[in-house]
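Colleague: I'm just starting out with structures like this one. Could you take a close look at one small part with me, and then show me how to read a few others?

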Amino acid sequence: MMRKKSVSASKASLVLFLCQMISALEVPLDSKLLEELSQPPTITQQSPKDYIVDPRENIVIQCEAKGKPPPSFSWTRNGTHFDIDKDAQVTMKPNSGTLVINIMNGGKAEAYEGVYQCTARNERGAAISNNIVIRPSRSPLWTKEKLEPNQVREGDSLVLHCRPPVGLPPPIIFWMDNAFQRLPQSERVSQGLNGDLYFSNVQPEDTREDYICYARFNHTQTIQQKQPISVKVFSMDSLNDTIAANLSDTDIYGAKPVTERQPVLLTPTGSTSTKVELRGNVLLLECIAAGLPTPVIRWIKEGGELPANRTFFENFKKTLKIIDVSEADSGNYKCIARNILGSAHHVISVTVKAAPYWITAPRNLVLSPGEDGTLICRANGNPKPNISWLANGVPIAIAPEDPSRKVDGDTIIFSHVQERSSAVYQCNASNEYGYLLANAFVNVLAEPPRILTSANKLYQVISDSPALLDCAYFGSPKPEIEWFKGVKGSILRGNEYIFHDNGTLEIPVAQKDSTGTYTCVARNELGKIQNEVQLEVKDPTMIIKQPEYKVVQRYGQVSFECIIKHDSTLLPTVIWLKDNDELPDDERFLVGKDNLTIMNVTDRDDGTYTCIVNTTLDSVSASAVLTVVARPNPPFDLELTGQLERSVELSWIPGDENNSPITNFVIEYEDGLHEPGVWHYQTEVPGTQTTVQLKLSPYVNYSFRVIAVNEIGRSQPSEPSEQYLTKSASPDENPSNVQGIGSEPDNLVITWESLKGFQSNGPGLQYKVSWRQKDVDDEWTSVIVANVSKYIVSGTPTFVPYEIKVQALNDLGYAPEPSEVIGHSGEDLPMVAPGNVQVHVVNSTLAKVHWDPVPLKTVRGHLQGYKVYYWKVQSLSRRSRRHVEKKILTFRGNKTFGMLPGLEPYSSYKLNVRVVNGKGEGPASPDKVFKTPEGVPSSPSFLKITNPTLDSLTLEWGSPTHPNGVLTSYILKFQPINNTHELGPLVEIRIPANESSLILKNLNYSTRYKFYFNAQTSVGSGSQITEEAVTIMDEAMASRQVDIATQGWFIGLMCAVALLILILLIVCFIRRNKGGKYPVKEKEDAHADPEIQPMKEDDGTFGEYRLFSFVSSAPF
């Protein structure tokens, strides 16, 4: 079902009226259609009702109209026909009703004052303009007048009258001096609405002779000047002096100093007044008061509130301004002038009247023959306006009769109109404050349907959005509209479509299957017409990767992504905005295909960045915020308060945190007395704290600075605070790290860490150094030194303990009693060697050594431990000497035994032991000799297999590099390997130790063998080496092999096999990289140990195995 807009009403007349309005035709604004249709005249442009013209220029009275056929124009002046052909100074523009009155060639503007009205007429009716009142502007000169000087007493009020000449329009008034400078105005001195200058009270500085009132006439662009007005203000002192000199016997003024006065209103006068203003105008109410002190003005509305948003105060609140007034603004407005002595008030009764204004202006009617219609003219005003009708510019009462027309007050009702009913009607609404005039035509037309929308017009929309298919039409009577989809489709109905009165078909939610051809059919009783349009539904544009919130450090780089998806037939454009404005014109901003990159980011780049994607059909956008962070700005305005001897309060103002909250403040100090230019850490406080109580030391000239810290880093230091010098005091602390260590056997070196400058607490810093031998009943020996951190006591016994203390002092006294430390005089070399050195051989590579400790008294120093020196004398198996390399092991403290690792088997060693103190090593103990037992040998140095025959192989080998004992024999094991990499039976042969080669016979021809070879001592077998070799094949077989190898098919077969092997190698390599273990590797692992029984394997990796068949395996 087609959607229809239903209207319910309670009154039958309202239903009739609405039906009549619906039945009226509206002519589309189609230029081609308008050129073809007949139409009564319509006024399109006219001069204002009150038209003030410049008398020096030509007068142009506008009147433009349209109609079909084009209208002709005529004018009336002061109610009678104005024959322009009889006045040579007046012309009418071609194809226009605009009059041009030539003033510049001798005409006078005053001769053409009057009321003008234009009429535009064609065969369908006549339209008229407003009554246009023509008046030339006037800027008369000021009348000559003699102005007396104004002599006024200080504190009195004064009014300087302007009284400008009456002009048209009224002039703009302002006051200036001879130098053309505007006179300053204030609560005390101000200009009133009438142009007068008011002084609430005069002051001596108001004395001047050039108060000049100016009147500016904007129409003629002239300024008229009044004669200067002189004002002389007499102060009471000068006035008394003058009177005393001339009238010595009077005291008229002598007893009257400047007195304060309560307010008195200068304007308006009296207690009440009235004001009438028209609706829509600006209401201006004024109150200016005299008084001393200068009164202050306040406004109220009795019984109500001043209207919000429309009320303004001007001229220092002396003027109340209410814009766009309405009848609701009527009422009593009270101004109150007040100073400390009292108040004065005035009530202004405001009445808001209204010139006529439209409620419903008549509208043009286009009707078909036999139709009905109405023209309604409703206006309001205060007082209520009178409504009168005209037809074609003639009062309707005397206009030609029309049986289809009936006038009912503000409404004209038309019934069963015919083409001769066409006319232009004028509605005039008037009251004493003005009038309204409106033209509305009735145009009766009989026209077959026309479709104004272009044929085959293409509409493109985005999926899931509305599609509006136009079918602009015209016809009289009004045609009915139907829509079809496709050339032979059925009429469109149903809730999925909306049919608008102007013929438009709306598909509220267009889908892909909505694409196609749509046909619009318009028909009335005079004919039928149709038109086709095309609809294409496109995929929507989407941002599939939106820009995201970014935080970047100043001078860094940041990128925003904006990846889109769109219909392939649409061409998108991507625009980036910053804070809803264009990107800065800066080469740092790089716009890519799907991103925006900002290089070298600054604080100005902080903001919201928006990616906007536009196509011809849709637009999408996404935004993200960029926050630029940086180290904070340094704090400022450091202030020291609450200064005490040992404390002070420091406060500061934080700098800008640069979008990263301040986590803490670091306070540093400078000691300008002891270390100028060097800043030290004092303390730190949380970032929410801006004051801190600082502990101080005496005798320090403090300056402080503050550093702000956030997650990005530390700010620059603040400017230093003012300096604060604390008073001197005796030291609070003594030197630290006091030590006593002798550098020679007969001295004691006492050292300490000196106090820093601020720790001295006063001038004259020195140190009292005291010492005495411990456990001896001696007195303290003391010396006082300065500017040093070391003192040497000479002539001490060797390595004895001393009690030591160091105390600080300055000119104001001593520091507290220091604590004592124990030191020792200098050490000497130990006197004796350790005794009873014993060695226990644990195995062929490890031995344990024991010794007796030396007496502590012979150490003559701090016992640091024992050193064991040991070295290999010779190898027992070779009897050959070599370079002796001594090794040293140190055992800390009182230890009397230790292990000697890493010895060589079957070797002779020597060792000795020495005691060690801080001075050095003591004498060595006598050398102790010990031997290590035999061990297993290393693997033979090499194994070579040479001279292969059909059934034999020759083996050659080298003896072990490290026999580690006496070799007893060699063990040879071997076994065959078949083509499937299976291992045959293992054969073992024992070979005398003095042999270095062997010929193996009775082997199988063309067979691969694997050999395992190692040496033995009486302890056991050593590591083995492995090797593989192949016996040669039978000669006859070799001959046949050569014959086959020369055949072409065999060469091709071998190439194919080689290619297959290469592919298999690649597959195996890939599997190995993925962690797989392939069969050849497993067989190699199996071959390495002859005790492992061979397992059946796949033959597929034989080729790879051959690549490694003659490579010696690493020893096991």
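Colleague: Where is the place of Ser660?

Modeller: Happy to help! This is a predicted model, where local features need pLDDT of at least 70 and side-chain atom pairs count only at pLDDT 80 or more, while totals for chains, interfaces and linings use all residues. Residues are numbered from 1 along each chain as its sequence is written, and side-chain values use heavy atoms, leaving out hydrogens and water.

Ser660 lies in the loop between strand E58 (647-653) and strand E59 (662-671); strands are DSSP runs of at least two E residues, helices of at least four H or I, numbered from the N terminus. Ser660 counts as buried because its relative accessibility is 5% (buried is under 20%, exposed over 50%, partly exposed in between, with a 1.4 Å probe and protein chains only). Leaving aside residues up to four places away in sequence, Ser660 touches Val629, Ala630, Asn710, Glu711 and Ile712 (contact means heavy atoms within 4.5 Å).

Compare Leu1062, which sits in helix H5 (residues 1048-1073). Leu1062 is partly exposed because its relative accessible area is 46%.

Now for a sheet. Five strands make an open, mixed sheet, ordered E29-E37-E36-E32-E33. Strand E29 (365-367) and strand E33 (394-395) are at the edges with a single partner strand each, so one side of each lacks a neighbour in the sheet. Further in the order, strand E32 (residues 386-391) pairs with strand E36 (residues 423-431) in the antiparallel sense, over six bridges (pairing takes at least two DSSP bridges). As one example, Ser388 has Asn428 in E36 as its bridge partner.
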